[in-house]
Amino acid sequence: LMTLADLSAPQIHRILVHSHYLKQISLPWLQPGKLWKQKPSQSLDKKTVALLFSKRSTRTRVSAETAATLLGGQALFLGKEDIQLGVNESPRDTARVIGGMCQGIFARVGDHSEIEELAKYSPVPVLNALSSLWHPTQILADLLTLHEHAHLFSPNNVTEYKSIDDKRWTALPELRPLTVAYVGDSANVLHDMLVTYPRFGHSLRIASPENERYRAPKAVWDRVVELECDKKIWWGADPKEAVHGADVVVTDTFISMGQEAEKEERLRDFQGYQVTEQLCKDGGANPDWKFLHCLPRKPHEVDDEVFYGPRSLVFPEADNRKWTIMSLFDLLFGKWNLHSDKITP
Ligand code: CP
Ligand code: NVA
């Protein structure tokens, strides 16, 4: 799984439903005082997932390691200083060797071609943990967070309870079509938003500087058009215009990992792109707009008032990295039925 463009909308929805379910059954399991304990699926029993990370990570790595434990398996962290890959060994040989010993590969790479090569030669499923082009697991967490906060966008929404083994759990709340604004760089996080949100009825309004380097590359835009997502995307350079009518405002770093040498130039080009109360007021966002950021965050992208304020959903969003990655690990590495459309927990 390289990008959410590889999955149909029902398949993505099924992953979210499963994430929400796993979260609800696992959280009580982790709290000693709770009486209701339903052990999550142990689909990774005796299995190992290799975490092949050539870049830093807090959320994705910790999510992966803790999720694998909950599913009864093990995650094996292999950083770029630990293994032969990239120095003494090719991605092709590495994929074959690791795939011979582990049952799944979760890989964070530099150039997207590196993960394509791993996937081509791996005998076991490969999941993208971030590449230069895509960040699929981030957008699953963002969508789960928005669904869980659906009542903020439709105050009359009532939570529906379902019963499993006489215990009560909530179904994934429905989300009305939203206007989602993204103010910032056209990078991996935005790219997976482009191929996903429109398929669930959400409109995207994006502001990034005019320069081609801050716009989606052809490889990404081709997937956007193929999925007919472009019909629900507005793209300009003015952040105020982008946030017009926005229910949700999103940004990401202006300097992605690997672009450190461009820092000065990028900071200059992104002047005026900081998300603030004033920007959203001037631009005419929905007065109840909410804020998302994949993290890690720098204050020049979003000020403290928004980031730590009541509009911010960034920490529930970070928490949800774990449950969505757990869902993917269960379906992709544990049960091998990620691509089914059937919506059952
Ligand atoms: N959002 C995200 O991917 O964070 P990490 O880089 O810390 O994993
Ligand atoms: N666009 C950022 C996302 C970090 C989670 C990066 O690639 O560094």
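Pro 123 sits out in the open in this predicted model: it counts as exposed because just 11 other C-beta atoms lie within 10 Å, and the cut-off for exposed is 12 or fewer. Its place is the loop between helix 4 and strand 4. Being exposed does not leave Pro 123 without partners, since contacts with Arg 96, Gly 99 and Gly 100 turn up once residues up to four places away in sequence are set aside. Take Arg 96: along the chain it is 27 residues from Pro 123, yet the two C-alpha atoms are 6.5 Å apart in space.

Helix 4 itself, residues 112-121, has a buried set made up of His 112, Ile 115 and Leu 118. Why do these residues lie on the same side of helix 4? The answer is in the arc they cover around the axis, only 120°. The spacing fits a general rule: an α-helix has 3.6 residues a turn, so residues three or four places apart point the same way. As for what lies over the buried residues of helix 4, the cover includes helix 3 (91-101), strand 3 (104-108) and strand 4 (126-128).

Zooming out, the domain assignment splits the protein chain in two. Domain 1 takes in 4-136 + 320-334, and domain 2 runs over 150-312. Taken over C-alpha atoms, their centres are 24 Å apart. Where the two meet, 22 residues of domain 1 are in contact with 20 residues of domain 2. On the domain 1 side, helix 1 (residues 9-30) supplies the largest share, with seven residues. Sorted by class, that side of domain 1 holds 12 nonpolar, seven polar and three charged residues.

And the inside of the protein? The largest nonpolar core has 92 residues, and Val 49, Val 249 and Phe 329 are the ones with the most contacts inside it. Helix 13 (residues 314-334) is the top contributor to this core, giving nine residues. The core also draws on both domains, with at least three residues from each of domain 1 and domain 2. Phe 329 shows what such a spot looks like up close: leaving aside neighbours within four places in sequence, its contacts are Leu 44, Val 49, Ala 67, Ala 68, Leu 71 and Gly 334.

Two ligands come with the model. Around ligand 1 are Ser 57, Thr 58, Arg 59, Thr 60, Leu 130, Gln 138, Cys 294 and Leu 295. By class, that shell comes to three nonpolar, four polar and one charged residues. Ligand 2 has its own set of neighbours, namely Leu 130, Ala 187, Asn 188, Val 189, Asp 252, Thr 253, Ser 256, Met 257 and Cys 294. The class count for the shell of ligand 2 is five nonpolar, three polar and one charged residues. Leu 130 and Cys 294 appear in both shells.

Leu 295, one of the residues around ligand 1, deserves a second look. The phi angle of Leu 295 is near 70°, a positive value in a residue other than glycine. Leu 295 belongs to the loop between strand 11 and helix 12, and with 16 other C-beta atoms within 10 Å it is partly exposed. The peptide bond that leads from Leu 295 to Pro 296 is cis, with omega near 0°. Pro 296 is in the loop between strand 11 (290-293) and helix 12 (304-307).

A positive phi turns up at Lys 46 too, where the angle is near 65° in another residue other than glycine. Lys 46 lies in the loop between helix 1 and strand 1 (48-53). Is Lys 46 buried or exposed? It is exposed, because 9 other C-beta atoms lie within 10 Å.

Last comes Leu 267, in helix 10 (residues 263-269). With 13 other C-beta atoms within 10 Å, Leu 267 is partly exposed. Apart from neighbours within four places in sequence, Leu 267 is in contact with Phe 254 and His 300. From Leu 267 to Glu 212, 55 residues away in sequence, the distance is 16 Å, C-alpha to C-alpha.

Key:
Residues are numbered from 1 along each chain as its sequence is written. Chains are lettered from A and ligands numbered from 1 in the order in which they are written. This is a predicted model: local features need pLDDT of at least 70, side-chain atom pairs count only at pLDDT 80 or more; totals for chains, interfaces and linings use all residues. A residue is near a molecule or strand if its C-beta atom, placed from the backbone, lies within 6 Å of it. Ala, Val, Leu, Ile, Met, Phe, Trp, Tyr, Cys and Pro count as nonpolar, Asp, Glu, Lys and Arg as charged, and the others, Gly among them, as polar. Domain bounds come from an automatic or database domain assignment. Two residues are in contact if their C-beta atoms, placed from the backbone, lie within 7 Å. Helices (H or I, at least four residues) and strands (E, at least two) are DSSP runs, numbered from the N terminus. A residue is buried if 20 or more other C-beta atoms lie within 10 Å of its own, exposed if 12 or fewer, and partly exposed in between; C-beta atoms are placed from the backbone. The arc is that of the directions from the helix axis to the C-beta atoms. A nonpolar core is a set of buried Ala, Val, Leu, Ile, Met, Phe, Trp, Tyr and Cys residues joined through C-beta atoms within 7 Å.
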